[in-house]
Each structure stands twice: as C-alpha cells, then as structure tokens.
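Biologist: I am new to this structure and would like a close look at a single part. Please start at one small spot and work outwards from there.

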Amino acid sequence: MSQRVLSRTAPKETAGVAERTRPGPRRRALDAAEKTWRPLALLLVCFGAWWVIAAAGWVESYLLPTPGATLDVILDKPGYLWEHGWVTTYETLLGFLIAVGVGILCAVVMVYSTTVEKTLYPILLFAQVVPKIAIAPLFVVWLGFGIGPKVLIAVLIAFFPVVISMVTGLKAVDPEMLQLSATMGARPWQTFLKIRFPASLPHLFSGLKVAVTLAVTGAVVGEFVGANEGLGYVILQANGNLDTPMLFAGLLVMSLIGVVLFVLVEIAEKLLLPWHASRRDTAATLTL
Amino acid sequence: MTTVNDTALNKAAPDQSDARSHRTGSGTASAVRLDGVSVRFRTKRKDVTALSDVSLDVARGEFVAIVGPSGCGKSTLLKLVAGLLAPSAGAAVLGGEPVRGPRRDIGYVFQRAALLDWRSARRNILLQAEMRGLPAAAARARADELIRMTGLDGFEDAYPHELSGGMQQRVALCRALLHEPPVLLMDEPFGALDALTREHLNVELNRIWRETGTTVLLVTHSIPEAVYLADRVVVMSPRPGTVTEVIDVGLPRERAYAATLASAEFRGATGRIRELLGAAGAHD
C-alpha cells in the first residue's frame, strides 16, 4: 500500500527541475542586449578617441587618418578591397579546413595508438615551438608566389590548437561510459561514432575558435612575404605609398574577416551542440 | 546460516517460504558464481590485494546485496562478473559460462548515471539497442514499457541536464534493462541521491525486480537499502576484501516499505550487519 503511494509521488521530485527550460524569444533578446551593450560601448569610445585624436590634428594625418577618411577609402574602392579580402578569406578558409581535417585525423590516431602518440606528440610540440612565421620566406622559395605558401602557413598555425583540443576531448570521455559500451558488445567504431566523437566535440570547438583566428594571421603573414594579391599585399602596398587610410581600411576589413569566421564557428557549434551551448551561458559573454 | 536469521525465519509469515524454496529449488542453475576469486592490483609503490579468495553463488532470480567498508573491493567484484576485469586467481562464471572478457548478457548501472548529454532520455535508453543491433521497433516498444515502469512518462524527450539525479538514474536503469538481461549489476546506483529519492527508487527497484524476474547484484553503502532490497546480504571485510558473512534476510519478496522497516527480520538483519561491520573496524 505505502509502496504504491510512494511510487506515485516519485516523479514530482523532478517537476521543478524540468521546468527550468529554455527562456522565451523576448527574454533571450533582452539577454543578448544585456551581454553586448558593454563591449559595444567600449568599442564606440575607442573609435571616438581615435576620431578626436585624428581630427584635432594632434597627430599628422599621414600617420593617423581619421575614421572618416578610412571609411571613405572603403566606400571609394569597395571592389578593390572586396577582391583582395576575398583572396585572404579563401586562403584562410582553405588552410583552416585542411588543418581541421588533418588535425582531427592525427588526434584520433594518437588517441587510439600509444605508439603513434609517443612518436608524434614530442615532434608536434617541437614543431609548435619553431616560429612558423620565420619559415614563411622559405615556403615562398619552395612554393612560389601563388596561394600555396599562404595556405600552408595558415595550416601550420591552425593545426596545433585543433590537434590538442581534439586529443583532450577524445581522452576526456567518461571511462564508465566506455565500460558500459563494452557490456553492450559495441564494436570499436560504434563506440567511437556514438560516444567518443560526439563527447569530444565541445573541446574540439574551443580549439576551432582559436584555430580560425590564427588561420587569418597565417594567411596574411604569407601575403606579407611574397604576394601580388590579398589584404597582406594591400597593406604592404599602402604602407610603401604612405597611404595610411588604405592601410587602416585593409586592417579593418581583415579584422572583420576574423570576426565573421569566428562567429561562423560559434554558430556551427550552437547548431551542432545545442545540448552543450545551453549548459554554458556564462562563456557566451566572451563572444564579443 | 546465522543464528539471528534462523530465529527471524521461524517467526516469519508463511509467504516468505516461497522466496526460500524458489532459491533452493533452482539449485544448480546459478546465475553468477565466483570460485575463490582474488584480485591484485600493481601500483607504482606496492601491490594491493583488492579481493582475496571470494566465493559466492547467486541463484537465478535472486537479489543479492553486497555491503562493506570503502575500498573492500565491492565494485571490483561487479567488474569481475561483467568481465571488465580479469581475476588474478580463481574464476567467475556467469550464466553457466566462464567469464573471459566483457560480457553482453548483463545490465550495468553505475553510481553516476553516465548518460550521453546529447541524447534525450529515450535515445539514451535506446543506445543499448543500437549497440547491440536489436530490431528498432521492438526496442522502442520495450523502451516505452520501461519508461512507464520507472515513472519516466513525460520525460522521454528531456535531455540529461534537464533531469534531476533521481530521474537520470531511472534512465540509466531503463537502459540497463532494455535488452532484458538475465543479470543486473548495480554499483551504488543510488549513492549520489538524497534520502527521499533513494527511498522512492528502492521501492521501485523492488517492484521492477519482481516484475522482470532478473537476477540482481547490488553494491551499496547503505545497510537499510541492502536489507530492504535483497534476499541475501553479503558482508565484506576491509582490504583485502573477503566475505565475512552472508546473511539471509528472510523477508517475503513483496515488501511494503514502512512495514518492512518496522519488521523484526529487518531489524535483526540490519543489527547483525552493523555488528559485523563494526567489528571490522569500519563505520561506513
């Protein structure tokens, strides 16, 4: 008798927990505004300070153009910046995607084979210590002035965070989950696809966010060393001509590319891992 | 077995005798058998003997609880039965076959629910079917049946982070029962729950055990939980773990919670276990 009563009341214990689900769209919009207004305000203050300093003539205009002059250049030659910006974006994305593919593959092999890990890991660490920017000229000698060296530098710079985050993720899987999987008679590939890989994705994405911004740097460094297109080239040209408004315009577009790619990775994370995104809303404040 | 229990049995109600005869009647058909099993771990500094010469025979359909101080190798014992760990000496036999590697003919429940965050409650339960390649339609039907049985209705589509600890553990239990395993191994399944939730789940586990007829091996720190749920309670000594005594609870299998806790058999058994564990110098 008492047993029946007890089991009836049992589900109640969770009612409070299940109710704290997703907030409504209005609430979410308010939350987003709450999170963004502070960094946005600081950014505006910085632009304001830039404008005041440049417009007041405290600094010569060939050293520091006004924000207006910079904007004029962007609006004046949208085709030029767009064209070169696209080249840089293309190199960045290609380098990033290759780094992701190769990085994930390396991580998986290292996690499943201790021999490979012991062989490869120290070399990876050593390779990370070598400043890849310093080898960039060599890549130009080897691969010419085309897209090759830029992509290669982007790959090499973005590769490390991908491998490290993926190895961490694959190793962070709950050992009890693996034991459970063994009692289910799961094949190794099943355990990998259904448990290990999805469990590693939150770690991987934190690495991807670092990697994508680094890939932009890699591509631009490649363009600095030897190129006739891309934003790195634009900046070098502008620098040579003392055309600081163009230089600043190039910088602005470059930063924009970095931000857009970063946000794209975040959106992909939210779409692929809704279960994860909903659990860490504090980290989201770091987005902007 | 022990004096305490024999006297308790003599005074007991008539319907408990069928619980006894059920066990003795199954005779040779033991679900789990451990023959002189020892487990030694080698760590950097020293060798640790986790289990020393443990023998145990669990009949089909029987509920056996294992209690003992922390570090007496209770969990190790379950892992041996599941084939997740090989003994240093002796042998484990499950369903008449010696255990030589991970076994599929069991259900396993850990202290932590160990659910996949990215799957709803139902899909977490169905993981068992996917890994085993069971027919999907039958597995879904069975999952729905278990969801009803454990009172998870209405929470099938909730994700683990939306569920309380008690609900998560119910999901883990459903997952362990999906393939109707002959043996259910539970490693402190309710250890992380609050007292009230724990009582609810004890009552439910008793009912589920009777409904499914599965053999259960339960490791627990709670003496009342062990006595309320089990046909027999194995009391273990601290490291190296050995079986100190096996206590026959002598209660009918259908047990109302309050009445059981107030019964002479219950108090006799819990008293005796406390005495044994106290003598071993443990206060867990």
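Modeller: Start just after helix α3 of chain B, where B:Gly83 takes a positive phi of about 80 degrees. Keep in mind that this is a predicted model.

Now step back into the helix itself. Helix α3 of chain B covers residues 74-82 and is mostly covered. Eight of its nine residues are buried. They are B:Lys74, B:Thr76, B:Leu77, B:Leu78, B:Lys79, B:Leu80, B:Val81 and B:Ala82. Two lysines, B:Lys74 and B:Lys79, are in that buried list.

What does B:Ile66 touch, leaving aside its neighbours within four places in sequence? Two of its partners are B:Lys74 and B:Leu77, both among the buried residues of α3(B). The others are B:Leu217, B:Leu218, B:Val219, B:Val234 and B:Met236.

B:Ile66 leads on to the largest nonpolar core, which has 90 residues. B:Ile66 is one of the residues with the most contacts inside this core. So are B:Val81, B:Cys174, B:Leu185, B:Leu217, B:Ala230 and B:Val233. B:Val81 brings us back to the buried side of α3(B). The helix that gives the most to the core is α6(B), with seven residues. Both domain 1 (3-105 + 182-279) and domain 2 (115-180) of chain B give residues to this core, so the core lies between them. Apart from this core lies another, of 52 residues. Among its members are A:Leu81, A:Ala136, A:Val162 and A:Ile164.

Next, the two domains. Chain B is divided into domain 1, made of 3-105 and 182-279, and domain 2, made of 115-180. Where they meet, eleven residues of domain 1 are in contact with seven residues of domain 2. On the domain 1 side, α7(B) gives the most, with six residues. That side divides into seven nonpolar, two polar and two charged residues.

Widen the view to the whole of chain B. This chain has ten helices and ten strands. Of its 284 residues, 51% count as buried. Take the contacts in chain B with a separation of 6 or more: residues 24 or more positions apart account for 73% of them.

One residue takes us across to the other chain. B:Arg112 is found in the loop between β6 and α4 of chain B. With 18 C-beta neighbours inside 10 Å, B:Arg112 counts as partly exposed. Not counting residues up to four places away in sequence, B:Arg112 touches B:Ala192 and, in chain A, A:Glu176. B:Asp187 is 75 residues away from B:Arg112 in sequence, yet their C-alpha atoms are 9.2 Å apart in space.

Now the contact between the chains. Chain B puts in 36 residues and chain A puts in 30 residues. On the chain B side, β6 (106-109), α4 (121-132), α6 (165-177), α7 (195-212) and α9 (257-262) each supply at least two residues. By class, that side has 20 nonpolar, seven polar and nine charged residues. Two of these helices have come up before: α6(B) gives the most to the 90-residue core, and α7(B) gives the most to the domain 1 side of the domain contact.

Chain A is built from 13 helices and zero strands. Of its 288 residues, 33% count as buried. Among its contacts between residues at least 6 apart in sequence, 76% join residues at least 24 apart.

One helix pair in chain A deserves a look. Helix α5 (residues 78-112) and helix α11 (residues 231-240) of chain A pack at an angle of about 130 degrees, and their axes are 7 Å apart. The two helices are therefore oblique to each other. From α5(A), the contact uses A:His84, A:Gly85 and A:Thr88; from α11(A), it uses A:Leu231, A:Gly232, A:Tyr233 and A:Val234. These residues divide into three nonpolar, four polar and no charged.

Finish with A:Ala199, which lies in helix α10 (residues 188-225) of chain A. With 18 C-beta neighbours inside 10 Å, A:Ala199 counts as partly exposed. A:Gly169 is 30 residues from A:Ala199 along the chain, and 6.9 Å separates their C-alpha atoms.

Definitions and conventions:
Residues are numbered from 1 along each chain as its sequence is written. Chains are lettered from A and ligands numbered from 1 in the order in which they are written. This is a predicted model: local features need pLDDT of at least 70, side-chain atom pairs count only at pLDDT 80 or more; totals for chains, interfaces and linings use all residues. Helices (H or I, at least four residues) and strands (E, at least two) are DSSP runs, numbered from the N terminus. Ala, Val, Leu, Ile, Met, Phe, Trp, Tyr, Cys and Pro count as nonpolar, Asp, Glu, Lys and Arg as charged, and the others, Gly among them, as polar. Axes are lines fitted to C-alpha atoms, for helices over the stretch in contact, and angles run from 0 to 180 degrees between N-to-C directions. Angles under 35 degrees count as roughly parallel, over 145 as roughly antiparallel, 65 to 115 as roughly perpendicular and the rest as oblique. Domain bounds come from an automatic or database domain assignment. A nonpolar core is a set of buried Ala, Val, Leu, Ile, Met, Phe, Trp, Tyr and Cys residues joined through C-beta atoms within 7 Å. A residue is buried if 20 or more other C-beta atoms lie within 10 Å of its own, exposed if 12 or fewer, and partly exposed in between; C-beta atoms are placed from the backbone.
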